[in-house]
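Colleague: Could you walk me through this model? I would like to start with the domains and then look at some local geometry.

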Amino acid sequence: MTNVATRILPVDPNAPEAGLIDEAAAIIRAGGLVAFPTETVYGLGANALDAEAVSGIFRAKGRPTSDPVIVHLAEREQLGTIVTEIPSLAWALAEAFWPGPLTLVLRRSTAVPGNVSAGRPTVAVRMPAHPVAHALITAACLPVAAPSANTFSRPSATTAQHVWDDLHERIALILDGGPAPLGVESTVLDLTGPLPVILRPGGVTLDDLVAVAPDVIIRHQYLAIDATAASPGQLIKHYSPRAEMLLFDGPTALEAMRRAALERLSSGQRPGLLLMDDEAAAFASVGAEIELLGASVEQAAARLFAALRALDSRCGVILAHGLPREGLGAAVWDRMVRAAEGRVIAAP
Ligand code: TXA
Ligand code: MG
């Protein structure tokens, strides 16, 4: 692909400057690509109704065309133009969770080009809560197709710098609204079958969903160790650092991590540890690189992708401690398993 000069424009995350938003919206309307912050991660946006613009997303990311992308809306009313059928549950969920980190898979209308959905009869839709995303979609007057703004299979981008590292010279503009607050992607919920099914755990938790959709199904692989099967494009090799990563789980996980770190050090490797704040002291004498994820699952979600990227640039192997899988922990666990490409070490 031809190289383009990529600009980064700082934008106020709470009250985005209209002039900057108009500039970005004009690029989208002209068929170009703009990276922008959402409340989950940064998105790489294009006009969702323009097949050529959408294929630019796939080229820029190096993403296989078999992996469908999410369409982002600014208003619930836009839903009617991109899907053929809105079940009452979809309205109830949109009422409860939009704007916010919930993506609904519905039946695609002919207004949406097939490559958005990798040829499937469905389309994934969400209404982001981030003021910059909302302002951009509103100003573009179009639904905006946007996957996460990372190179295919790399950890998602939660800052403008991450987007730049992966995509500079491939996209016209990055709107820099600071770190994406949630840090993990939206929950993807399929409403096209007999029962609602969570295809990807994310920012809206299972408990949140059950309150509105009591019969929602979450596949056990998102909660347990086997994370192989999934929605299209939910490949196990996803969010991967370049370094080898091992995920430790179970009551003696920290001891096992310590042994593994010492072994790697003695064989001349440079291990990096992904730990919660209160776990760091036990590793102080080990002499490995450490990235801390914070003191709560919310902080861990917000820091996970940045921490993976940071360790990746310094270490040959990443040793991570799995978090409890309740609430937002299910999404964090899922991303960790994928980053580890399924290499989970059970430490009973
Ligand atoms: O939070 C998010 O969802 C972020 C921000 C930018 O909105 N976007 C994001 O997009 O994570 P992406 O492309 O990285 O992930 C989209 C996920 C993939 O797992 C894809 O398989 C699934 O949504 N998906 C998209 N369209 C689908 C469809 N029609 N049917 C089933 N799954 C679909
Ligand atoms: Mg992604």
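Colleague: Which residue ranges does the domain assignment give for domain 1 and domain 2?

Modeller: Happy to help, and keep in mind that this is a predicted model. The domain assignment of the protein gives two ranges. Domain 1 is 7–183, and domain 2 is 244–346.

Colleague: How far apart do the C-alpha centres of domain 1 and domain 2 lie?

Modeller: The two domains do touch, with 12 residues from domain 1 and eight residues from domain 2 taking part in the contact. Between their C-alpha centres, the separation is 30 Å.

Colleague: Which three residues supply 47% of the area that domain 1 buries against domain 2?

Modeller: The area buried between domain 1 and domain 2 is about 810 Å², and carbon and sulfur atoms give 51% of that. On the side of domain 1, three residues supply 47% of what is buried, more than any other three. They are Pro155, His162 and Leu182.

Colleague: What about polar partners: which residue forms a salt bridge with Asp166?

Modeller: Across the interface of domain 1 and domain 2 there are four residue pairs in polar contact, and the residues on the side of domain 1 that touches domain 2 divide into five nonpolar, five polar and two charged. The rule also finds two salt bridges across this interface. For Asp166, the closest N and O atoms of the salt bridge are 2.9 Å apart, and the partner is Arg309.

Colleague: Why does the radius of gyration of the protein agree with a compact globule?

Modeller: The C-alpha atoms fill a box of roughly 60 × 50 × 35 Å along the principal axes. For 348 residues, a compact globule would have a radius of gyration near 20 Å. The protein agrees because its own value is 20 Å.

Colleague: Where does Pro99 lie?

Modeller: Most peptide bonds are trans. The bond from Trp98 to Pro99 is cis, with omega near -5°. As for its place, Pro99 is in the loop between α4 (88–97) and β5 (102–107).

Colleague: What is the phi of Ala118?

Modeller: Most residues other than glycine have a negative phi. Ala118 sits in the loop between β5 and β6 (122–126). Its phi is positive, near 55°.

Key
Residues are numbered from 1 along each chain as its sequence is written. Chains are lettered from A and ligands numbered from 1 in the order in which they are written. This is a predicted model: local features need pLDDT of at least 70, side-chain atom pairs count only at pLDDT 80 or more; totals for chains, interfaces and linings use all residues. Side-chain values use heavy atoms; hydrogens and water are left out. Domain bounds come from an automatic or database domain assignment. Contact means heavy atoms within 4.5 Å. Buried area is the accessible area (1.4 Å probe) that two parts lose on being put together, summed over both. A salt bridge is a side-chain nitrogen of Lys or Arg within 4 Å of a carboxyl oxygen of Asp or Glu. A polar contact is a pair of N or O atoms within 3.5 Å; within protein, one must be able to donate a hydrogen and the other to accept it, and residues adjacent in sequence count only if both atoms are side-chain atoms. Ala, Val, Leu, Ile, Met, Phe, Trp, Tyr, Cys and Pro count as nonpolar, Asp, Glu, Lys and Arg as charged, and the others, Gly among them, as polar. The radius of gyration is taken over C-alpha atoms; the globule rule is 2.2 Å times the number of residues to the power 0.38. Helices (H or I, at least four residues) and strands (E, at least two) are DSSP runs, numbered from the N terminus.
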